[in-house]
Amino acid sequence: MKRAKISKIKKIVELIKNNNSFLITAHMNLEGDALGSELSLFLLLKKLNKKVTVYNHDATPDVYKFLPKHKLIKNNFKKGKIDLAFVLDCSDSSRAGKVEDKLNDAGNVVNIDHHISNTFFGDLNWVEPKMSSASEMIYHLAKEMRIMDKNIALCIYTGIFTDTGSFSYANTSPDTHRIVSELMKFNIKPHLIDKEIHSLCVPDDIDFIGKCISRLKFAPGQKISWITISRWQKKNYDLTEIIFSIMKLLKKPEVFVIFKRISKDRTRINFRSCSKLDVNKVAKFFGGGGHKRASGTTLNKNLKESEKKVINFIKGCLNGKK
Ligand SMILES: [Mn+2]
């Protein structure tokens, strides 16, 4: 590891040693990396007999309820002093939702994240866009502290597994596999974790996914493929990745977009890229962010307008005009 990384980790270890009460949070719309990094850090701090609370904006989705200690996660605040707040897997503190206000009460804010769009909002910012996940970063922290056990390994594995698309995305590095081989020594059962996370649909969901897929649109030449969804089902699990995974079966498209109507004049947009097109830059242009190959934004425009603006912009990018 590079020297800069090591010194950041050492500073965080120092902060952990010198403080007693901790808050941990992650982004809204919780998924495997948010929860995996939070719970592994929680368990790590607990091993040191620290006072730790995990606060999240959203409730934990059912599919992640196999993770140890998820029941201890809080959605409402209690009064009390916080020495240090860890914000994990958040490109910006606003991604923490209502927990953002609570960060002002903390003596220090430590930002641990792997989004290239990170805004360096913390008092200490450890940002590694080349790492697969925030959970992979927690692994390095745990390694430095020489702490690891079955539960910590399970949480970290789940985070890496989710954010690498089951080790299939471009962010899966030799390091990722090396780390996973270390974690597997703690009796990790990949097939069971895969089942927990991916076998989540009821028949209605498959019907909904079918309807979405039947609305696939293509730009001339099929380099862009997208779907507009006027009635997005808000469930306590997210079908976005499943729909993208079906879209990605297509041979020609380089960019995939899903437009979801949130309200009359609000649209959520998710981007995935399997070419050189940097969708973090696309999302950024429209006020959002994320990673080079996976990003998102929300526009204060209706579905039709959003579709037109965004698809035209991507066409321009692919033609080298932007
Ligand atoms: Mn992540």
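Take two residues to be in contact when their C-beta atoms, placed from the backbone, lie within 7 Å. With that cut-off, twelve residues of domain 1 touch ten residues of domain 2. Keep in mind that this is a predicted model.

**Two domains**

The domain assignment splits the chain into domain 1, covering 3-198, and domain 2, covering 203-318. Their C-alpha centres sit 27 Å apart. What classes of residue does domain 1 show on the side that touches domain 2? That side has six nonpolar, four polar and two charged residues.

**The chain as a whole**

Eleven helices and eleven strands make up the secondary structure count for the chain. The C-alpha atoms fill a box of roughly 60 × 40 × 40 Å along the principal axes. How does the radius of gyration fit with a compact globule? For 322 residues, a compact globule would come out near 20 Å, and the chain has 20 Å, so the two agree. Buried residues account for 40% of the 322 residues. If you look at contacts between residues at least 6 apart in sequence, 65% of them join residues at least 24 apart.

**Parallel strands around E4**

Strand E4 pairs with E3 on the one hand and with E5 on the other. Here are the two pairings:

| Pair | Residues | Sense | Bridges |
|---|---|---|---|
| E3 and E4 | 82-88 and 106-113 | parallel | six |
| E4 and E5 | 106-113 and 124-127 | parallel | four |

Ile112 is a handy residue to follow here. Leu88 stands opposite Ile112 in E4, and in E5 the bridge partner of Ile112 is Trp126. As background, side chains in a regular strand alternate between the two faces of the sheet.

**Nonpolar cores**

In soluble globular proteins, nonpolar side chains tend to be buried together. In this model, the largest nonpolar core has 53 residues. Which residues have the most contacts inside that core? They are Ile24, Phe86, Leu88 and Ile156.

Leu88 shows up again, then, and its neighbours are worth a look. Leaving out residues up to four places away in sequence, Leu88 touches Ile24, Ala26, Ala34, Ser37, Glu38, Leu41, Ile112, Asp113 and Ala134. Ile112, which faces Leu88 across the strand pairing, is thus also on the contact list of Leu88. Ile24, another of the residues with the most contacts in the core, is on that list too.

There's also a second, separate core of 21 residues, and its members include Ile227, Val255, Phe259 and Leu303.

How values were computed: Residues numbered from 1 in each chain as written. Predicted model: local features only at pLDDT ≥ 70, side-chain atom pairs only at ≥ 80, totals over all residues. Pairing = 2+ DSSP bridges. Helix = DSSP H or I, 4+ residues; strand = E, 2+ residues; numbered from the N terminus. Domains from an automatic or database assignment. Nonpolar A, V, L, I, M, F, W, Y, C, P; charged D, E, K, R; others polar. Core = buried A, V, L, I, M, F, W, Y, C linked by C-beta atoms within 7 Å. Buried ≥ 20, exposed ≤ 12 C-beta atoms within 10 Å, placed from the backbone. Rg over C-alpha atoms; globule rule 2.2 N^0.38 Å.
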